[in-house]
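Please open the structure in your viewer and keep the selection tool at hand. The stops below are meant to be taken in order.

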Amino acid sequence: MERRNIFAGPYLDRVAHMRQEPGWFDAALADPRSRAVPVWNTRSLVSDTDPPRAVLLDVSAVPQALRDSEHLILLGRFGGVHCFAFELDAAALPTPDAGTSFQDLRLLAARLPAEEAGVLGYARAMVAWRSRHRFCGNCGTATISSRGGHARVCTNAGCRLEQFPRIDPAIIVLVSDGERALLGRQATWPPGRYSTIAGFVEPGESLEDAVAREVLEETGVHTADIHYHSSQPWPFPASLMLGFTARAASTEILRRDAELEDAAWFSREAIGTGAIVLPPRQSISYALIEHWFDAAAPVPLREIEPPEPWLRPR
C-alpha cells in the first residue's frame, strides 16, 4: 500500500515475549524514562497546538493510587522507552496541564503523527477491554491483572479462567459495477454522508462470506470477485476493520433490513463534484473509495475532496 491506514503500523514494539518475565513490569515502572498514556472518559490527552500532538506523561505524574500492576497496562516500547496506559476516573473532572486537553481520538487521529495516533488508539482499546472484564465471564468472580495488563485472571481458585484482549472483526467493502460505487448511509449520520458497506463477521463465517452476506442483507446486491484490500484497527471500542473490494453481480438495490436509511450507486463524477459527503480521511472507508476513484479519475480524490471529520465537536 502507498499509504498505511491510520492506527495501523509498527509504531510500537509490543515486546510480547516479555509479558511473563518476572520483574519486567516493575523494572519498567521504576525506569524514570518510562511514559504513560492517560485515558479519561474514552478520551485521549493531546496538546492544544495546531496540529495537535499526543501527550505522554512521566510515570511519576500517574496518581499514586494507580501506579501498580492492577491499574497500569504495559503497552511495550514507544520511542525506545517503556510506555504504560491507564484510565482516570470518568466521573472525576481531570485537571490536565495548561495547553493540553482530553479529546475524542476519532476527531484528531488524521491530524496526529501516525505513530502517536497508533499508540493512543492502542491505549484506548486496552483500557476499554480491561474495564469490560473486571469480572469472570465464567463464574462472575472478580479478576486481577496479569502479563503486564494483557490478561485478566479469575480469582476463584476453582475457576482461574484467564481472559485475553479480544477484537471484533468487521468487513467493509467497496462494491463497484465498474463505473459506479455502491454506498449507503445510516440515519444518524450528518446530512449527505455516505460510506461503504460494512458489518460484523458472524461465528462460523469466512470473511468472504461475510462480505457477500452483508452487502446482500443491506442492499440486495449480489457480489463476485471479492478481494482483500487492507485492514485497520478501529479502537472504538475494539474492532478490526477488514477492507475488501468486490464486483457487483447485480445492480438493483433492495434494502432488506433497517441498517441503512439509504443506499445508492454513485459515479466518479458525482463523488468528484461533491454530490455526497464522504467519510473522514482517517477511515478505511475513505481509503477504499479513494482506491476505486483514483483508478480511473484524471485527478486524485484527495486533490479535489476537502477533508471532513466524521464527527464534529459538540
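The tour starts with the whole chain and then moves to single strands and residues.

**Before selecting**

This is a predicted model, in which local features need pLDDT of at least 70 and side-chain atom pairs count only at pLDDT 80 or more, while totals for chains, interfaces and linings use all residues. Residues are numbered from 1 along each chain as its sequence is written, and side-chain values use heavy atoms, with hydrogens and water left out.

**Stop 1: the whole protein**

Show everything as a cartoon. The protein has seven helices and 15 strands; helices (H or I, at least four residues) and strands (E, at least two) are DSSP runs, numbered from the N terminus. Its radius of gyration is 22 Å, close to the 20 Å that the globule rule gives for 314 residues, so the protein is as compact as a globular protein of that length. That radius is taken over C-alpha atoms, and the rule is 2.2 Å times the number of residues to the power 0.38. Along the principal axes, the C-alpha trace spans about 60 × 50 × 35 Å.

Now colour by burial. Of the 314 residues, 46% are buried (buried means under 20% relative accessible area, exposed over 50%, partly exposed in between, with a 1.4 Å probe and protein chains only).

**Stop 2: strand E1**

Select residues 35-40, which make up strand E1. Five of these six residues are buried. Which strands pair with E1? Two strands pair if DSSP finds at least two bridges between them. By that rule, E1 pairs with strand E5 (residues 81-88) in the parallel sense over six bridges. Show Pro38 and Phe86 together: Phe86, in E5, stands opposite Pro38.

Next add residues 57-58, strand E3, which runs antiparallel to E1 and is joined to it by two bridges. Here Asp58 is the bridge partner of Arg35.

Then add residues 43-47, strand E2, which pairs with E1 in the antiparallel sense over two bridges. Trp40 stands opposite Arg43 in E2. E1 and E2 form a hairpin with two residues between them. Stop at Asn41 in the turn, where phi is positive, at about 55°.

**Stop 3: a three-stranded sheet**

Clear the selection and pick E7, E8 and E9, which form an open antiparallel sheet in the order E7-E8-E9. Strand E7 (143-146) and strand E9 (162-163) are at the edges with a single partner strand each, so one side of each has no neighbour in the sheet. Strand E8 (residues 151-154) pairs with E9 through two antiparallel bridges. Select Val153 to find Glu162 of E9 opposite.

**Stop 4: Asp168**

Move to strand E10 (residues 168-176) and select Asp168. Is Asp168 buried or partly exposed? Its relative accessibility is 38%, so Asp168 counts as partly exposed. Leaving aside neighbours within four places in sequence, Asp168 is in contact (heavy atoms within 4.5 Å) with Phe200, Ala238, Ser239 and Leu240. For a distance across the model, draw a line from Asp168 to Thr95: the two are 73 residues apart in sequence and 33 Å apart in space, C-alpha to C-alpha.

**Stop 5: Ser283**

Finish at Ser283, in the loop between helix H5 (268-272) and helix H6 (284-294). Ser283 is buried, with a relative accessible area of 11%. Show Gln232 and Trp234 as sticks as well: Ser283 is in contact with both, leaving aside its neighbours within four places in sequence.
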